[in-house]
Amino acid sequence: MAARVVDLTKVYGTGMAEVRALDGVTLDIGAGEFTAVMGPSGSGKSTLMHCCAALDTPTAGEVYLGDTEIGGLDDKRLTRLRRERIGFVFQSFNLIPTLTAEENILLPLSIAGRRPDREWYDTVIDTVSLRDRLRHRPNQLSGGQQQRVAVARALVSRPAIVFADEPTGNLDSRSGAEVLALLRRSVAEFGQTIVMVSHDPVAAGYTDRVVFLADGRLAGELREPTREAVLERMAAQEAGR
Amino acid sequence: MLRAAWKSLLGRKLRLFMSTFAIVLGVAFVGGTLIFTDTLNKSFVAIFDNSVGDVVVRPVGAGDADGTATTLTVPGEVVDELAKVPGAARADGNVATFSLFVIGSNNRVLGGQGAPGIGVNDNDAPAAHGIKGLQVVKGRDPRGKDEVALDAATVRRAKYHLGDTVRLVSAGRRALLQPKLVGIADYPDGGSLNGATVSMFDTATAQSLFLDGKDVFTNAWVTAKPGVSQQDLRDQVAKVLPKGFEALTGDKAADESASQLLKAISFITIFLLVFAGIALVVGSFLIVNTFSMLVAQRSRELALFRALGASRKQVTRSVLFEAFVVGLVGSSLGLGLGVLLAIGIRALFASFGLDLSGTGLVFGWRTPAAAYGVGLVVTMVAAYLPARRSSLIPPIAALRDDVAMPESSLHRRLLVGTLMMLVGVAAGAVGLFADVPKQGYWVGAGALLAMLGMAAASPATSRPFLVFAATAYRRVFGSIGVLAGQNSLRNPRRTAATASALMIGLTLVTTMSIAGTSAKASVDRTIERTFLGDIVISNAIGQGFSPEIAETASRQPGVESVTRLRYAEAKLKGDRKFLTGVDPATLPQVIRLQLTAGSLTGFTGNTVLVSKKVAADEGYKVGQELTFRFPKGPTKLRIVGIHDAEFANYLTTLDALSQGGYKPEDSSLLLKVDRGANTADVKAALEKATEKLPIITVKDQREYAAEQRAPIDRLVLMIYALLGLALVIAVLGVVNTLGLSVIERTREIGLLRAIGVDRRQMRRMVSLESVAIAVLGALMGIGMGLVFGVALMASLRDEGLEVTRIPWVNLVVYLLASVVIGLLAARLPARRAARLDVLEAIGAE
Ligand SMILES: Nc1ncnc2c1ncn2[C@@H]1O[C@H](COP(=O)(O)OP(=O)(O)O)[C@@H](O)[C@H]1O
Ligand SMILES: [Mg+2]
């Protein structure tokens, strides 16, 4: 088990303005699995991911990363947890503009004062096929390349789990496919655990498992999803509302 | 469009506040200075209106020698004649001295430095226009040699009561007077003395104390009969006046005195306005930076306006409108603060003895006019460049993700900046070394231009340092260091402009510190080289003192010789010159004079020794005669020698001065101790002998040097305090820049935090960037200051300041201080960066 949330609830605002972004979600994330979280806009996908990734604190419920319950941790420990056990890929603005691709990739390690494992680093660089772009700055890279750098950065510290929030949301379909294939490969070849938030049925097709969210609640899941199966499920959900 | 600008202003209150602060301070200085100056003027004009009669009669020459007391007088018979002039109601003879100081009951001299101690005869002569002059209003008029009346403010400050024995130090025949206080005087029609003290005696006593007991007066007032104008009366008086005397209308005499005094203290105004200027220049850097950043942040929004059809002009105008509002608010606050500042300056001057509490603050129309003018112009000019650049944002930028502000190339900045520096340095050199009118303006404008040029070029020139800092940071602080170093390199204009604001303050501090240290070293060297005496007796407040002191001193056992030094001012070919009178007989014992031409043998009577510098400048030769305008009239002094000492440009004999009509007041006494005697013992004995005269100080050579250095230290300290303000503004600039940068980089900070940068590392990152900016500013400032300081001292070499000493320790301290400044300035922005909510930061636009 890579991560686990129990009865997770997140409420924004109070009174009239109260929004239950998550409402009692219980979910296990299997180690070495590529999990997609899907659902319509506003269903709580990002909130779920933020809570799992120690970026946000839930209103109620528990979040376990491995065996650690992150509820009681202070900012210092949370930061360390993110630094050592979590990798991130965001939808956009993933890279520090002043640093080269290579520096960006190595940043989490050097912040933590850790030395990169040369062999692993080479493997990652080859996997994301960026060897000839390492000295470039983000503004000299295409959107797809930037996302691949972000994936490399997420992988290079060998985190227990990588969270990706709509990593292909800003990309054209070809670059998107490249990034998804890359994520898929890192699961298949390195046994990396990945949780990806997406509303794109195509993206779901690359994963092992799709979890559906609706109005902050779990609304079923699919194993070994195909694009068609996901589309069907989403259509059914629309109809059921 | 204006509406949008208005909204944007309100949305950025805090950021604008910081840049407004600079305007507030600058305007406060301008406003405060003007208010203070107007108040000063009014109060002195009021004083002098009270201190003249309808017509003033005085000896010719008395008006020329202002600053130096003369022996010229108006005989009593002349005064009696004046009373008979047609149109005259009465004529009164006045006795007046300006060196009679009141010692308070705490044994300290009243008024301290600067305020005159006035002694007069008690007559009830009405001042001009029928105003009642200073009169005894409590107790009774003084009678005989043992009674005195004092003005009310002095009695209060000295804590004396009627019937007390009062101690007065006189520069007349007798040094110490101890009369009984029998009356308290005041202006029945209102008026103030601005901190001066007045002691009144009956006429005979005043004459015996200050005019050698003859029936003569310092001047006379003639009072007009009702209906007779000052001018008519003056003309009547002029008809009967014997040769050697002149008559002035009271209005003219008051004007003359007031304008002389105001001219003498006009340096205060200039001094304060210079600092207002510095604050504003430093502040304008802040404004340029703030507006550049605000425009950059709003570029998307501005592009959208353009896309929606706004013209370039409209965009520029909307930014300038913001600047206008900022300038308006800043000027208003500054004006308010200026009033407080004026009160502060007044209090400061009161502590130096210039008490203006008798006059309310004067708020003339030019004060708000100058305040708003300066505040608005500086803000708008500073905002103009960013505003113009904002109009260059293409409308398409609204649709793009990453908006880059259009920037002019750094090469052009380097070129323009270097040119400005060269022109500035050239102008400064002309002012310092060439013989041009208004040298101060040349130097000031040159220095300003050089500093602005440096600032303009600095985005390019600072790169090597920043790259070096980034490398050092990488070595020492790892990836946090890399990030900080990269951030400081990211926007060279911004970093450099922020550093430049600091540079200006540090340039001036460094220059001052070199000038101060060098001047002190020069003083030490001059004293060490030329002063052979063992003991110096002088007046703590820099005024002349009674010749009786010298007689007392020479009677002390162990004293071999006493040499009097007397100072006098006189015009030579229309220019005011400063003469030093000495006794030629004992001079060689106490002063080492190397003559480069002539000899001391002929140095008696109406002769003069001129300094090498004066001789070279004016082309004087031994044997030549110089005609000085002494109080008694033009006097020829023959040049008998040219000396190389650095202290007295015109060294003449005591005889020449007293025959010329100068009062026999000593300025200092140089003592030689008997060979066998112990200097410390002699000094102790002398101190005992002058114990009742607290303004007379006895010093050995070391203490004397320290005393001479003290005013330099005081001046430098005062300038530091004022420059401190410029530094505060610059530090605010750093805070502002970093604060805005943190806001700009919110998403980046969020990302860094998400991938594991902890709060401490975050703070360190911001602090390191801040330190890089501060040290850059310090290096530029210290570098420029070194050049300025050395050039300044080189130009003063001729003025007797021969030593140039660079205070390296101070410079290192400044550099270290800049690190501390950087750390302090980073505190708030760093905290803000560290506290940012990770999620919100990532999601921020
Ligand atoms: N910071 C916030 N404050 C208030 N409401 C929020 C906040 N973040 C998210 N929400 C609300 O919570 C719900 C879930 O949001 P989110 O997790 O971002 O959905 P998704 O990622 O599935 O689009 C939405 O209704 C959203 O409006
Ligand atoms: Mg979302």
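How far apart, in Å, do the C-alpha centres of domain 3 of chain B and domain 4 of chain B lie? They lie 48 Å apart, the domain bounds being those of an automatic or database domain assignment.

This is a predicted model, in which local features need pLDDT of at least 70 and side-chain atom pairs count only at pLDDT 80 or more, while totals for chains, interfaces and linings use all residues. Residues are numbered from 1 along each chain as its sequence is written, chains are lettered from A in the order in which they are written, and side-chain values use heavy atoms, with hydrogens and water left out.

**Two interfaces**

Chain B is divided into domain 1 (49-262), domain 2 (415-455), domain 3 (462-532 + 702-845) and domain 4 (544-694). The table sets out the interface of domains 3 and 4 and that of chains B and A. Contact means heavy atoms within 4.5 Å. Buried area is the accessible area (1.4 Å probe) that two parts lose on being put together, summed over both.

| Interface | Residues in contact | Buried area | Carbon and sulfur share |
|---|---|---|---|
| Domain 3 of chain B with domain 4 of chain B | 11 residues with 11 residues | about 1,000 Å² | 49% |
| Chain B with chain A | 22 residues with 24 residues | about 2,200 Å² | 64% |

In chain B, Leu751(B), Ile755(B) and Leu839(B) lose the most area to chain A, together 29% of what that side buries.

A salt bridge is a side-chain nitrogen of Lys or Arg within 4 Å of a carboxyl oxygen of Asp or Glu. Between domains 3 and 4 of chain B the count is one salt bridge. Lys683(B) forms a salt bridge with Glu703(B), with the closest N and O atoms 3.1 Å apart. Between chain B and chain A there are four salt bridges; Arg759(B) and Asp75(A) meet in a salt bridge at 3.6 Å, N to O. On the side of chain B that touches chain A, the elements giving two or more residues are helix 14 (463-490), helix 22 (746-754), helix 23 (759-796) and helix 25 (838-843), helices being DSSP runs (H or I, at least four residues) numbered from the N terminus. Helix 14 of chain B provides the largest share, seven residues.

**Nonpolar core**

A nonpolar core is a set of buried (under 20% relative accessible area, 1.4 Å probe, protein chains only) Ala, Val, Leu, Ile, Met, Phe, Trp, Tyr and Cys residues joined through side-chain atoms within 4.5 Å. The largest has 159 residues, and those with the most contacts inside it are Leu48(A), Ile161(A), Phe163(A) and Ile504(B).

Key: Buried < 20%, exposed > 50% of the residue type's maximum accessible area, 1.4 Å probe, protein only.
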